[in-house]
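User: Please examine the following model and explain how its ligand is held. I would like each answer to be reasoned briefly.

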Amino acid sequence: MRKILITGSGGLIGSDLYAALCDRYGDANVVSSDVRHLHDVRQFEFLDIRDKERLRTLVEAYNVGTIYHLAGLLSAGGEKNPALAWDVNLNGLMHVLDTAREFNIRVFWPSSIAVYGLTTPKINVPQHTSFEPHTVYGITKSTGELLCQYYSHNYGVDVRSLRFPGINGWKGEPGDGTTEYAMHIFYGALRERRYECFLAPDTRLPMMYIDDAIRGTIELMEAPSEKLTVRTSYNFSAISFTPAELAAELRKLHPDFEITYKPDIRQEIAATWAQSIDDSIARRDWGWKEEYDLEKMTVALYNGIKGRIYHE
Ligand code: VAH
């Protein structure tokens with residue numbers, strides 16, 4: 001088979017996606033790439049996605065037929081360096097789309113709930129709505145969605161995308177984002193029995209456990225092309241909760257856990273995002289359905305992060 005290339009393979013989503021793709025297609029068929037060297041993978045290649053020639057070289061050398069393009073800056077990281085966020089997130093995506101066009105490659109690219117802004121409805125956001133993102137990250141995602149649709153419509157590139165909510169996992173490291181408090185809280189609880197949250201207690205955000213996100217991603221990539229009616233990015237949703245609700249759930253497993261709140265710039269970012277998403281088109285087109293609710297996700301994260309800390 002033509003090989004699968006993952007960009008940004010060392011990130012939170014890439015770590016789990018790499019394992020899932022190896023299980024499904026065999027590790028000889030999966031090539032991992034990142035700007036940080038990864039050691040526990042069978043095939044690793046250094047790749048800065050701003051280097052298009054390097055991408056083309058890898059695609060040719062490995063006969064790549066599918067790219068999961070995950071490399072990118074997140075919301076908080078993007079605000080620290082907007083020019084870098086633009087360069088990596090948008091020029092990087094253009095490089096992937098151009099290469100996909102040239103070599104007939106299927107592409108997955110994650111968009112985000114960061115495409116929404118203050119003019120977007122907060123509750124049950126529909127698929128087609130107002131997009132006025134407030135962060136440079138959101139701007140790159142919103143623009144990137146249009147680029148995906150453009151390459152699909154004009155050049156027939158088979159690019160598929162999901163608007164990820166906050167994705168929570170434990171195999172990889174949380175990145176420099178806003179929803180990431182929902183993983184840091186477990187490290188705080190398990191290491192120090194306390195956590196100072198950078199969001200306010202009642203900040204409700206759409207979230208998802210990583211196993212659901214990975215399964216949904218692979219299901220979308222394996223869906224028959226003719227079933228897909230969205231070529232920007234699908235609304236994609238599972239659960240919504242606040243820091244206070246997550247802390248209460250965590251306290252059931254760790255009764256002496258204490259949380260305090262000190263909102264910072266990430267609170268301002270979160271306040272521009274939606275609280276819940278209507279993803280009925282994904283459910284209709286390719287059968288999306290989540291398996292993890294808040295309670296099940298909390299147990300999985302608690303046990304996973306506990307194991308990680310134990311092995312440190
Ligand atoms: C962030 N976790 O907070 C990311 C994500 C849905 C938000 O894109 O930046």
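User: Which domains does the domain assignment of the protein chain give?
Analyst: This is a predicted model. Its protein chain is assigned two discontinuous sets of segments, 3-167 + 209-235 on the one hand and 170-205 + 238-275 + 292-310 on the other. These are, respectively, domain 1 and domain 2.

User: How many residues of domain 1 are in contact with domain 2, and how many of domain 2 take part?
Analyst: The C-alpha centres of domain 1 and domain 2 lie 25 Å apart. Contact is taken as heavy atoms within 4.5 Å. On that basis, the contact involves 25 residues of domain 1 and 24 residues of domain 2.

User: Where does the ligand lie relative to the domains, and why?
Analyst: The ligand occupies the largest pocket. Its shell draws residues from domain 1 as well as domain 2. The ligand therefore lies between domain 1 and domain 2.

User: How do the residues of the shell around the ligand divide by character?
Analyst: The ligand is surrounded by 13 residues, with Ser75, Ser112, Tyr137, Thr178 and Thr179 the closest. By class, the shell comprises six nonpolar, six polar and one charged.

User: What share of the area exposed by the ligand alone does the protein bury?
Analyst: A ligand oxygen lies 2.6 Å from a side-chain N or O atom of Tyr137. Ligand nitrogen is found 2.8 Å from such an atom of Thr179 and 3.0 Å from one in the side chain of Glu180. Of the 280 Å² that the ligand exposes when taken alone, the protein buries 95%.

Definitions and conventions
Residues numbered from 1 in each chain as written. Predicted model: local features only at pLDDT ≥ 70, side-chain atom pairs only at ≥ 80, totals over all residues. Heavy atoms only, no water. Near = heavy atom within 4 Å. Polar contact = N/O pair within 3.5 Å; in protein donor to acceptor, adjacent residues only side chain to side chain. Areas by Shrake-Rupley, 256 points an atom, 1.4 Å probe, with all protein chains shown as cover. 1 Å grid on protein atoms, 1.4 Å probe; cavity = no way out; pocket = protein on both sides within 12 Å on 5 of 7 lines; lining within 4 Å. Sits in = over half its atoms within 2 Å of the grid points. Nonpolar A, V, L, I, M, F, W, Y, C, P; charged D, E, K, R; others polar. Domains from an automatic or database assignment.
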